[in-house]
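Dear colleague,

I am passing a structure on to you, and below it you will find my notes on what came out of going through it. Please read them with the coordinates open.

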There are 2 protein chains.
Amino acid sequence: MDRRQRKTREAIFSAFTELLSKKDFNQITVGEIIDRADIGRATFYSHFETKDFLLKEFCEELFCHIFDTENSVQNHHKHIFSCDGSGSVFLHLFQHLQKNDNNILALLSSQNNELFMRYFKSNLELLIESHFSLFESSKNKNMPLSFWKNHIISTFVETIKWWIDNGMKESPELITEYFFMVV
Amino acid sequence: MDRRQRKTREAIFSAFTELLSKKDFNQITVGEIIDRADIGRATFYSHFETKDFLLKEFCEELFCHIFDTENSVQNHHKHIFSCDGSGSVFLHLFQHLQKNDNNILALLSSQNNELFMRYFKSNLELLIESHFSLFESSKNKNMPLSFWKNHIISTFVETIKWWIDNGMKESPELITEYFFMVV
DNA sequence: TCGTTACTGAACATATTGTTCATTAATACT
DNA sequence: AGTATTAATGAACAATATGTTCAGTAACGA
């Protein structure tokens, strides 16, 4: 990839992230993005068909980053099958979120975007599906699997939202406890 | 209220409902609303400051309708304290939704709007709070009340969404069962 | 060095928003 | 029934946002 392209793309993503932390996606204009990224209007449109495509690609890169490291073999062994009894993929995700790389909290907080949520949930589903035992809970006996899956994912997302909206005062460990109390 | 005002307001609400069942709130323009409602542009703005205020008032009227009848004294006695064992406020809501008065399903389905969701959840909270016993569950002992409340409401909303997205093939009774299995 | 590719910036058509105002028509009140 | 009030109209308006076009310039890779 041409260095110029890369730089432009990064400038756009960076400007977009900053703006997302300040206001809702729908309130953000292309004009604001290119001003902040300091690029020409035509340049923006040569990279992204519309603002929605920008969000789409932004989500893809972001989740690729988060869920790939999360799902990699090392982390798999280190966190999911850890023997201290409290380790779990959920705890690890809560810990990751607390760091707030990439301003992901702004996107996850309840103000924000539906498309983003869909991406987040579908990535979460892929991640959780690789730990199939979760879906073989006794609770699963008398209800459709998709209902049960949806329930776990939604509860996880809502737990995150509650955590954020309440100032993230609790430790990731405590949040994980709360999560497992209701799931 | 002047009959002309009432008619205009109804025409706007009706056009808005039709459009909401076809596309996302953000995609709807004032132009489309006034075309479909067959009113002048200035008329629209004399009724609603912006499109967002329209949504706000629309939600208020809609939820007032649903939750008021739900929470009225008669229904209170009839459904919540019914003695057949299966009756509950949740079942009644699922039944109400199945009828799809006011195209509420389009609004609740996962495509749609955040503001709407906030209204729905906050009304739900008020309704559920009046049945305080729900919040005195044994599950509540070791976690914040607000977390528990949020969990019940979110699970209810996600159950509805799952139901809609899966074609509403299940009966309200069965959905209520699923709901109580995970809550 | 040279051919290719990306960025520029300015201009452009189009669409949407929200306002204004003089005119017309329906309504409420007595 | 007559009158004062209130609402709707539609056309025009400025302001803002979108997405496109294109010729010129600069950076890139080989």
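H3(B) makes the largest contribution to the surface near DNA strand D, giving four residues. The model is a predicted one, which is worth keeping in mind for everything that follows. At least two residues of that surface come from each of helix H1 (3-22), helix H2 (30-37) and helix H3 (41-47) in chain A, and likewise from each of helix H1 (3-22) and helix H3 (41-47) in chain B.

In total, 20 residues surround DNA strand D, and the closest are Arg3(A), Arg41(A), Gln5(B), Thr8(B) and Thr43(B). Of the strand's atoms that come within 4 Å of the protein, 64% belong to sugar and phosphate. Sorted by class, the surface near DNA strand D comprises nine polar, six charged and five nonpolar residues.

Phosphate oxygens of the strand appear in several polar pairs: one is 2.9 Å from a side-chain N or O atom of Gln5(B), one is 3.0 Å from a polar backbone atom of Gly40(B), and one lies 3.2 Å from a polar side-chain atom of Tyr45(A).

On the cysteines, the structure holds zero disulfides over all chains. For Cys59(A), the closest cysteine sulfur is that of Cys64(A), and because the two sulfurs are 12 Å apart, they are too far from each other for a bond. In chain B, the sulfur of Cys59(B) has its closest cysteine sulfur in Cys64(B), also at 12 Å and therefore too far for a bond. Cys59(A) counts as buried, at 0% relative accessibility, and Cys59(B) is buried with a relative accessible area of 0%.

Best regards

How values were computed
Residues numbered from 1 in each chain as written. Chains lettered and ligands numbered in written order. Predicted model: local features only at pLDDT ≥ 70, side-chain atom pairs only at ≥ 80, totals over all residues. Heavy atoms only, no water. Near = heavy atom within 4 Å. Polar contact = N/O pair within 3.5 Å; in protein donor to acceptor, adjacent residues only side chain to side chain. Nonpolar A, V, L, I, M, F, W, Y, C, P; charged D, E, K, R; others polar. Disulfide = S-S within 2.5 Å. Buried < 20%, exposed > 50% of the residue type's maximum accessible area, 1.4 Å probe, protein only.
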